[in-house]
Protein chains: 2
Amino acid sequence: MARVERAQRGGHSGVSIEDVAAAAGVSTATVSRAVRGLPRVSPATREKILGIAESLGYVASSSASGLATGRTKTIGVLAPFVSRWFFSKAIEGADRELHARQYNLSLFNLGGHGSHRERLFSKTMVYKQIDALLVLCMALTHEEIEHLQKIDIPLVVVGGHVEECPYIGIDDYAAAATAVRHLIGLGHTDIALLHGDDETDLNFDVPRVRIQAFQDVMREARLPVRPEWDEWGDFTVRSGQEAFRRLWARSGPKPTAIFCASDEMAMGVIFEANKAGVQVPEQLSVIGIDDHDFAEAMGLTTVGQQPDEQAELATKMLLDELDGIAGAVQSTVAPHRLIVRRTTAPSHRRPEPSA
Amino acid sequence: MARVERAQRGGHSGVSIEDVAAAAGVSTATVSRAVRGLPRVSPATREKILGIAESLGYVASSSASGLATGRTKTIGVLAPFVSRWFFSKAIEGADRELHARQYNLSLFNLGGHGSHRERLFSKTMVYKQIDALLVLCMALTHEEIEHLQKIDIPLVVVGGHVEECPYIGIDDYAAAATAVRHLIGLGHTDIALLHGDDETDLNFDVPRVRIQAFQDVMREARLPVRPEWDEWGDFTVRSGQEAFRRLWARSGPKPTAIFCASDEMAMGVIFEANKAGVQVPEQLSVIGIDDHDFAEAMGLTTVGQQPDEQAELATKMLLDELDGIAGAVQSTVAPHRLIVRRTTAPSHRRPEPSA
DNA sequence: TTGAAAGCGCTAACAA
DNA sequence: TTGTTAGCGCTTTCAA
């Protein structure tokens, strides 16, 4: 009778491994092996147990198995934002791999929570709740890195470098250089730069590297880098709009092309240029970096990258490492590629052959 | 000496409540009370314990406390996508509230994982790992609803109705009607509809309701609803582009305005119209629904909603319910508002007064 | 105000 | 192949 009662509650919240064991007339150890697909269970008992577990709606308590094994089967994803292209794509990519391997994804969004310094993650959360950590494109303080190393869980950062941490991302220098060379190859000599903000600690050295590449390539081509054409933004559309406005509000000659450190900023520039009656690409060529979801629709020329694949790979490494494959986590350079569309065109100004 | 050894490991992975208790010379029960801020601990001992816990880098194991209390302190967020505007915004909103109340967010992304039917969430995951569930704008099967009700954890769906489930979202009918009336008020009589797909089970009745509103308002104004101007998309930019192309490729007269069931589709229409040389809004007025992040930059007229606030409120209700406030979860209609920008204008065609 | 002790549900040796 | 038996680290009566 007791069994019947239990069976009637089938599917309810409180079905434990003991209920299944009792109903199957075996020990909890056997049930544990059976449901986890471990060896040392006869086909017959396994089948019986699985059937009963199913009908009872048994699901193992993650807290209990987590406590027993020391593994939570979830990995943490640390992101400064979730609603920006790079991050949302990366999250999707990480999720693909996690999902395929039966892991859970715990999201830690650091954006917009007052002071960034309330970086919780060393304290309240993350820690002891996850088996590994995926850091999306954000800087970590020395303190934080140190802390993470102490609790030594596998860690990899995607989309930027953090000293001493394995990372996966494109070669930002090469990608930026490619973009600038494309512009130069089109005959542009008056090229403006819209770089990402260097100030915030969220996007660490990526902006810096892209700026460096711009300057190097310009110098290499013996082209002037004019400080009044050096604008900055925070990778958002709005900041691209503002940058364009500032650029065009200033007196003096205007550039014929602009290299933007992200597609969202490039789009902002284009929207604002449209509004101001500046023709793209006739009067102004615009190139970005990313290959944002909207880039194709807008015809935006860009240097594309795939954050989802980057994060998927990173996640795979993390999980492999957890599976005991030592050295599975390795810094890797992800591919980028120039995608020429309709926002870049030959310069309308006197083509002045370099050198 | 043993204490010294422990202290030296301070910050390491394995610091348990027992380590803290030993170091403080009290029982684990007292440590437990102290670190959780419970009463029945003298100020002196509390302070001492907290100091030691801090210096040892103690963090409670979530598995252990989860097992002991039956609460995981994490809520699940079920989303069909993460990189689309509505969803990423909603996730951010949910996170705000969770973060503020020290809960974790476990993300379950159902998109792109082969067959949608592998809806895992009744089985593998979600269940027993979360204290409550936030469903973002997706349909649930009867089976799934039933299952969720059985394991009865608090549940609320944001952005659409699921029978018998509390939901939070805008009044889709009213929002769509507002958009269409705006067009009609501008003198348009030849209005096309770009509705969301009805087929997929992901976006359930939202598309249907918006279609209905369109038809009702048109009928009310005695305006023709032409089947050849009825297009559909899946809420993405690309589908908006395709819809525009189909619409313009068909022979016969063209509409002077189009109501799109989402901003992303509206943007697709605009991008494609630009490419085809169709002036917006001179030749074609376009209105969407959402107030996407890019809408302002593009000057898109739309009926705005705020998924982040919707999700934040929903999360608050869930957490309140978990806090023992019975009836905290209640269906609520979220606000929408017409935002007139630059993609809608009076009809260029002979204004033909209705009635 | 504090402590002792019994679990929470599962896993993992080790025996049988 | 299966069962027994300790825990895993924390919470929570109940006593003291």
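## Reading the surface near DNA strand D

User: Which helices each supply at least two residues of the surface near DNA strand D?

Analyst: Helix 3 (28–36) and helix 5 (62–69) of chain A do so, as do helix 3 (28–36) and helix 5 (62–69) of chain B. Helices here are DSSP runs of H or I with at least four residues, strands are E runs of at least two, and both are numbered from the N terminus; a residue is near a strand if one of its heavy atoms lies within 4 Å of it. This is a predicted model, in which local features need pLDDT of at least 70 and side-chain atom pairs count only at pLDDT 80 or more, while totals for chains, interfaces and linings use all residues. Residues are numbered from 1 along each chain as its sequence is written, chains are lettered from A and ligands numbered from 1 in the order in which they are written, and side-chain values use heavy atoms, without hydrogens and water.

User: How many residues surround DNA strand D, and which are the closest?

Analyst: There are 25, and the closest are Arg33(A), Ser42(A), Thr45(A), Ile17(B) and Ser32(B). Of the atoms of DNA strand D that come within 4 Å of the protein, 66% belong to sugar and phosphate.

User: What polar contacts reach DNA strand D from Arg33(A), Arg36(B) and Ala64(B)?

Analyst: A polar contact is a pair of N or O atoms within 3.5 Å. The side chain of Arg33(A) places an N or O atom 2.5 Å from a base oxygen of DNA strand D, whereas Arg36(B) has a polar side-chain atom 3.1 Å from a phosphate oxygen. Ala64(B) instead uses a backbone N or O atom, 3.3 Å from a base nitrogen.

User: How should I read unusual backbone angles?

Analyst: Most residues other than glycine have a negative phi, and most peptide bonds are trans. In chain A, Val280(A) and Pro281(A) are joined by a cis peptide bond with omega of about 10 degrees, and Pro281(A) lies in the loop between helix 11 (263–276) and strand 9 (285–290). A cis peptide bond, with omega of about 10 degrees, also joins Val280(B) and Pro281(B).

User: Where does Glu164(B) lie, and is this residue buried or exposed?

Analyst: Glu164(B), which has a positive phi of about 70 degrees although it is not a glycine, lies in the loop between strand 4 (155–158) and strand 5 (167–170) of chain B. Glu164(B) is exposed, with a relative accessible area of 62%; buried means under 20%, exposed over 50%, and partly exposed in between, using a 1.4 Å probe and protein chains only.

Technical notes
A polar contact is a pair of N or O atoms within 3.5 Å; within protein, one must be able to donate a hydrogen and the other to accept it, and residues adjacent in sequence count only if both atoms are side-chain atoms.
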